[in-house]
Amino acid sequence: MTDIAVIGIDAKFGAHDTIDQVERAFYQGTSLTGSAAGSPEDSLDLVTSCLDTAQRLTSSNQLQVSDIAMVVVFDSGNELAITKLTQQLSTQCLSCDVYADLGAAMTRVTELTALDTNAVALIGLNDTLNTDKKIAAQTISFDQDFNGYGTFAGIASLLLASASFAKRQQAYLYSVIKGFARGALDADVAKVSIDALAISGVNASDVELVEVSALKDQQMILSESLGLISSYGASESLHQAISCARSIVGDSGGFTQVAGLLKTVLSLHQRYIPALAAWQQPNEQALTAWTESSFYFPVNARPWFPNANGAPHTAAVSCLSSNNSYTHIIVQENILVDDLRVNGYFAASDLTLVVVAGDNESDLQQQLAIIQGSSSNSLSLKKIAQTAYANAKNSSRYHISLIAESLSDLEKELSLAQAGISKAFKDNSEWKTPKGSYFSANPAAGDNLSGEKSDSVAFVYPGIGATYVGLGRDLFHLFPQIYQPVAGLADDIGSSLKDRLLNPRSIVRHSFKDLKQLDLELRGNLANIAEAGVGFACVFTKVFEEVFDVKADFATGYSMGEVSMYAALGCWQQPGLMSARLATSNTFNHQLCGELRTLRDHWQLPDVADGVFEQIWETYTIKATIEQVKLATVNEPRVYCTIVNTPDNLLLAGYPEDCLRVVKQLGVRAMALNMANAIHSAPAYAEYDHMVALYTMDVTPRIKTKMYSSSCYLPIPQMSKAIAHSIAKCLCDVVDFPRLITTLHDKGARVFVEMGPGRSLCAWIDKILAAQAKDHPIENHVSVPVNAKGTSDELTYLRAIAKLISHGLDLNLDSLFYGSIVINIDDVATKSKSTNILKN
């Protein structure tokens with residue numbers, strides 16, 4: 001068969017009124033709750049719903065409903081309803097056919113698109129819902145904890161066309177259906193799957209995502225699971241992710257069948273592996289088969305990075321319908337050159353930012369009263385936020401940032417704000433709530449003491465030790481603008497970002513203990529966390545540069561964060577070269593980490609074989625001053641102060657027994673960091689020349705950002721050797737972080753953004769500058785983390801934005817309020833031409 005282009009997408013069910021809200025549910029793997037769980041308004045009028053979805057599909061493609069054919073999947077068994085639906089829809093479009101299963105519908109779609117005369121709307125719907133079942137987060141029937149599905153009224157649809165029709169129409173292609181196979185009753189799942197792969201010209205190993213039916217009938221569960229395991233083999237462990245729309249939309253007939261295909265299209269288009277949020281582990285009788293297969297079950301959504309060979313991503317849809325008909329569909333990504341695949345994920349979130357602007361307290365209180373009136377006049381939270389954002393786009397001196405998830409939330413935050421900002425003005429202080437709402441009466445990025453607006457933004461890059469499992473997994477979907485700039489940094493960006501380590505794959509859900517062990521193993525390999533740390537520094541930086549239009553005036557790095565700084569700010573022409581160098585680096589795999597041979601030579605300890613771990617180095621955090629440590633280590637040649645975090649907090653490292661002896665002498669508590677890498681110590685100088693060679697790379701034209709190094713506490717010129725020597729010296733010397741921060745503040749930095757995991761640097765910056773303020777008055781500052789382990793990326797960024805806006809920083813926040821995954825045909829002209837993967 002020839003390829004079928006997907007040129008339109010739409011869906012609606014329960015509380016999810018738009019395709020962007022549906023897509024958000026698919027990504028998160030979340031089920032319906034609250035008003036979505038069986039409220040009366042969730043029932044569907046079949047004809048009206050089909051016409052409405054067809055209207056949305058066609059309008060984005062500059063077509064009329066009368067220009068298309070409709071193929072509907074509706075398996076109610078009510079012949080009268082089917083006849084009525086067919087007759088009424090046929091009068092509104094070119095033709096209408098209704099089928100009980102997706103396979104029959106796809107056969108008809110293939111016939112219609114082969115005519116090359118019009119587009120075809122494939123529509124799946126269900127008009128009934130099960131109100132008896134309590135709706136909660138559901139797993140799928142392959143899970144040992146499965147206890148049934150709910151049933152929902154809903155509609156899912158795709159606009160399909162031949163390749164040539166799509167080209168003539170200049171339509172945007174969300175993905176391409178490469179082929180499918182269908183079996184009759186009692187179909188052999190393995191045979192049909194293999195046939196579909198052959199028809200599509202695709203190898204089983206090319207497929208990385210499989211959308212399953214996971215019906216609740218035990219025999220069908222075994223037929224589908226064992227058939228898929230057989231057809232996809234076990235050539236590569238943990239290679240194909242399992243996805244299932246039924247875990248979200250329930251057992252909802254034709255709606256669920258088409259929703260599975262739509263979910264696959266969205267995953268390919270948005271380049272993510274969707275979550276099976278409630279998954280635990282396979283049924284006992286199938287556990288061994290799944291464990292030995294090529295599949296895994298992702299409990300969290302994660303980015304789907306480009307293939308290193310440039311090939312498009314490929315997915316499959318396994319559809320076993322209730323009439324025992326089986327269909328296997330192969331769908332492929334449509335790769336575009338310089339393509340920005342926008343979405344409405346952030347804009348569709350319940351989490352909402354409401355910005356209030358004014359030049360004084362009176363202005364602000366007046367605006368708060370206006371918003372309070374809007375919230376009581378039945379305006380939606382999103383509409384209130386959009387209006388407030390439009391009104392706040394001016395040069396007002398003060399900004400209040402309110403965070404809410406509902407109108408009732410907003411009412412609470414408004415009430416707190418009215419009293420809170422009055423006190424903030426009176427005390428010249430800040431106001432904040434547990435939700436994250438924020439206001440500062442003394443904006444750090446406002447006018448300086450001379451009354452002038454100053455360059456004041458500093459990006460501060462943390463060390464690599466804070467990297468953790470799950471780091472930044474939602475960022476590429478929250479901010480699709482960064483996907484291609486980040487992907488272009490390396491030939492295999494997934495490898496550079498350590499995707500398999502940060503987003504571990506499994507058949508059985510990882511326990512808390514499992515994740516803790518994975519974190520420890522991650523932190524134990526210096527080369528891996530160094531590479532991941534540098535990669536994610538680029539990710540965090542691109543969010544500010546590409547999304548918020550914020551560039552750094554100053555920058556610095558904490559320990560190996562200095563390497564991250566140069567890479568993230570674009571100082572090197574090919575930062576991706578660092579991946580291969582670190583992977584094969586003797587310095588970071590064997591000398592200063594791993595077997596720690598530099599230490600063994602320095603301390604005259606016997607060598608060990610490669611891969612043998614013996615704890616001869618540990619790093620501890622303690623409360624002490626550098627002067628106290630110097631006195632306590634006079635007769636301890638194997639103990640070093642490696643980093644000074646604050647005037648009274650530092651890192652002590654060296655031979656564990658000797659370190660603990662010093663700790664006891666100091667009379668303080670020590671917390672081991674489980675970091676066996678011997679940087680920032682005298683023995684590291686043995687590797688100085690090797691580090692210079694490692695970090696010597698061609699540089700780009702000079703950037704405006706002033707980059708400060710702990711090697712000299714001065715800006716480093718953007719020259720290859722200067723950068724390489726700066727890094728090498730930084731990694732050998734003690735880091736005096738207080739000196740670094742006070743230097744930046746003295747030079748004009750006021751807004752410090754921690755560009756990495758955690759908020760340790762922010763806490764230390766606040767403490768350092770508070771100590772300095774005790775000695776003499778200094779201008780206000782703000783420190784803002786952009787990642788917090790255990791808190792969603794979405795909420796963390798919203799809280800960061802709230803603080804930055806209130807401190808006077810000018811950010812482009814359009815993507816928080818506007819945007820959709822739907823691409824209108826008018827926008828296609830601005831896109832680059834697509835790479836042709838269609839078979840004409």
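These notebook entries record what I looked up in a predicted model.

**Entry 1. Nonpolar cores**

I began with the largest nonpolar core and found that it has 182 residues. Leu122, Leu353, Phe548 and Tyr695 are the residues with the most contacts inside this core. I then asked which helix gives the most to it. That helix is α19, spanning residues 526-547, which supplies 12 residues. I also noted a second, separate core of 36 residues, with Val192, Ala196, Leu197 and Ala214 among them.

I next listed the surroundings of Leu353, leaving out residues up to four places away in sequence. Leu353 touches Ala385 as well as Ser401, Leu402 and Ile403. Leu353 also touches Leu798, Ile801, Ala802, Ile805, Leu813, Leu816 and Phe817.

**Entry 2. Val822**

I located Val822 in the loop between α31 (814-817) and α32 (825-828). Is Val822 buried, partly exposed or exposed? Its relative accessibility is 23%, so I entered Val822 as partly exposed; the cut-off for buried is under 20%.

I then compared sequence and space for Val822 and Gly8. The two residues are 814 places apart in sequence, yet their C-alpha atoms are 7.6 Å apart. With neighbours within four places in sequence set aside, I found Val822 in contact with Ile9, Ile19, Ser60 and Tyr174.

**Entry 3. Helices α1 and α9**

Ile19 also appears in my notes on helix α1, where Ile19, Glu23 and Phe26 meet residues of α9. On the α9 side I recorded Ala259, Leu262, Lys263, Leu266 and Gln270. The residues of this contact divide into 5 nonpolar, 1 polar and 2 charged.

For the geometry, I noted that α1 covers residues 19-28 and α9 covers residues 253-270. Their axes come within 10 Å and cross at roughly 85°. I therefore entered the two helices, α1 and α9, as roughly perpendicular to each other, since angles of 65 to 115 degrees count as such.

I followed the chain to Arg271, which lies in the loop between α9 and β9 (272-273). Phi of Arg271 is near 60°, a positive value in a residue other than glycine. Arg271 counts as buried because its relative accessibility is 9%.

**Entry 4. Helices α20 and α27**

I examined a second helix pair, α20 (residues 561-568) and α27 (residues 720-732). The axes of α20 and α27 come within 9 Å and cross at roughly 155°. How are α20 and α27 oriented to each other, roughly parallel or roughly antiparallel? I entered α20 and α27 as roughly antiparallel, because the cut-off is an angle over 145 degrees.

From α20, the residues making the contact are Glu562, Val563 and Tyr566. From α27, they are Ile723, Ser726, Ile727 and Cys730. I recorded the division of these residues as 5 nonpolar, 1 polar and 1 charged.

Ser559 is found in the loop between β19 (554-557) and α20. I noted that phi of Ser559 is near 60°, again positive in a residue other than glycine. With 6% relative accessibility, Ser559 counts as buried.

**Entry 5. The sheet containing β19**

I traced the open sheet to which β19 belongs and counted 6 strands. The order is β25-β24-β19-β18-β27-β28, with mixed pairing. Which strands stand at the edges? They are β25 (714-715) and β28 (782-785). Each has a single partner strand, so one side of each is left without a neighbour in the sheet.

At the β25 edge, I checked the pairing with β24, residues 706-709. β24 and β25 pair in the antiparallel sense over 2 bridges. Within this pairing, I noted Ser709 opposite Leu714 in β25.

Conventions. Residues are numbered from 1 along each chain as its sequence is written. This is a predicted model: local features need pLDDT of at least 70, side-chain atom pairs count only at pLDDT 80 or more; totals for chains, interfaces and linings use all residues. Side-chain values use heavy atoms; hydrogens and water are left out. A nonpolar core is a set of buried Ala, Val, Leu, Ile, Met, Phe, Trp, Tyr and Cys residues joined through side-chain atoms within 4.5 Å. Buried means under 20% relative accessible area, exposed over 50%, partly exposed in between (1.4 Å probe, protein chains only). Helices (H or I, at least four residues) and strands (E, at least two) are DSSP runs, numbered from the N terminus. Contact means heavy atoms within 4.5 Å. Two strands pair if DSSP finds at least two bridges between them. Axes are lines fitted to C-alpha atoms, for helices over the stretch in contact, and angles run from 0 to 180 degrees between N-to-C directions. Angles under 35 degrees count as roughly parallel, over 145 as roughly antiparallel, 65 to 115 as roughly perpendicular and the rest as oblique. Ala, Val, Leu, Ile, Met, Phe, Trp, Tyr, Cys and Pro count as nonpolar, Asp, Glu, Lys and Arg as charged, and the others, Gly among them, as polar.
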